[in-house]
Amino acid sequence: MNESLRSELVGTSGLALAAAAALVLTILRAPAPSQSDARRRTAALFVAGLMIYALHFLEEYATRFYERFPPVLGLSPWPAGFFIVFNLSWLLVWVLAAPGLRAGYRVAYFPVWFFAIAMMGNGVAHPLLSVYARGYFPGLITSPLAGIVGFWLWSRLRAITESAHGKTRTTSSSPNQ
Amino acid sequence: MRPRLRLSPQTIDVLDDFLETPRSWKYGYDISRNTGLKSGTLYPILMRLAERELLESSWEAAEPGRPPRHMYRLTPDGLRYAREERRSRAPRRARQAALARG
């Protein structure tokens with residue numbers, strides 16, 4: 001495997017774990033019925049979160065996060081093109097997920113859970129990276145906002161979903177529902 | 001004035017490798033091969049040297065079918081620093097060589 005590919009795969013493996021966690025949550029927690037108002041509010045929060053994400057991405061790009069972060073993990077820097085395509089691809093998925101979340105499509109919850117986890121991760125990781133670097137680390141300024149919106153969205157997602165296991169039990173014991 | 005770098009043996013190896021061809025751009029892979037350092041050790045060293053402006057970095061122009069690679073070379077400050085460090089180690093190296101000869 002060439003060095004660039006290895007760096008891109010290993011360097012984004014934390015996000016792969018976040019995606020796996022999001023998938024598990026999507027399977028374990030089903031959209032709760034009769035929550036259309038709450039879903040609308042959550043979708044609005046998600047869209048606001050996307051704007052904060054865009055701001056965070058711009059800060060990371062302008063301060064060359066893609067060159068500074070991989071060496072912390074002992075990896076070669078990422079080309080700017082990879083960083084841009086990776087982030088904009090996810091942004092596209094998230095933008096497409098917003099109407100799905102509002103409508104209550106379960107599949108749309110997966111990218112939204114992933115977004116919430118990734119944003120919480122940003123809120124924690126950038127300050128830690130700055131401690132490691134003993135100074136500013138790219139992405140630090142907008143990372144608290146990312147962390148707050150991630151945690152807030154996580155809480156909202158928990159409120160508008162319910163345990164799929166519990167739901168199955170309820171359904172089986174109440175066939176009239 | 002920037003705080004002086006604490007030079008680990010690995011950082012010294014990296015600086016010595018740059019001093020072999022002081023004005024040439026080098027790839028991480030080449031430095032790793034020349035010094036025997038694994039990427040997990042090498043890239044944090046390159047990052048610290050670049051943060052202290054002892055190294056400058058640049059991207060190689062992309063060629064079809066190959067990802068662009070990051071290149072490094074000593075800055076004028078870095079060259080001066082690496083040479084001073086090498087000079088300051090010279091008496092110690094001579095003493096060690098004399099001791100080895102008995």
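1. Starting with burial in chain B: of its 102 residues, 24% are buried. Bear in mind throughout that this is a predicted model. The C-alpha atoms of chain B fit a box of roughly 55 × 35 × 25 Å along the principal axes.

2. On to the secondary structure of chain B. You'll find four helices and three strands there, and going along the sequence they come in the order α-β-α-α-β-β-α. As for how far apart in sequence the touching residues are, take the chain B contacts between residues at least 6 apart: 46% of them join residues at least 24 apart.

3. Now for the largest nonpolar core, which has 26 residues. Which residues touch the most other members? They are A:Val112, A:Trp113, A:Phe115, A:Ala116, A:Ile117 and A:Met119. Five elements are worth colouring in your viewer, since each is listed as giving two or more residues to this core: helix 2 (13–28), helix 3 (36–62), helix 5 (80–103), helix 6 (106–133) and helix 7 (143–159), in chain A. Helix 6 of chain A supplies the largest share, with 11 residues.

4. A:Val112 is a handy place to centre the view. Setting aside neighbours within four places in sequence, A:Val112 is in contact with A:Phe46, A:Ala97, A:Leu101 and A:Leu157.

5. There is also another core, lying apart from that one. How many residues does this other core have? It has 19, including B:Val14, B:Ile31, B:Leu74 and B:Ala82.

Key
Residues are numbered from 1 along each chain as its sequence is written. Chains are lettered from A and ligands numbered from 1 in the order in which they are written. This is a predicted model: local features need pLDDT of at least 70, side-chain atom pairs count only at pLDDT 80 or more; totals for chains, interfaces and linings use all residues. A residue is buried if 20 or more other C-beta atoms lie within 10 Å of its own, exposed if 12 or fewer, and partly exposed in between; C-beta atoms are placed from the backbone. Two residues are in contact if their C-beta atoms, placed from the backbone, lie within 7 Å. A nonpolar core is a set of buried Ala, Val, Leu, Ile, Met, Phe, Trp, Tyr and Cys residues joined through C-beta atoms within 7 Å.
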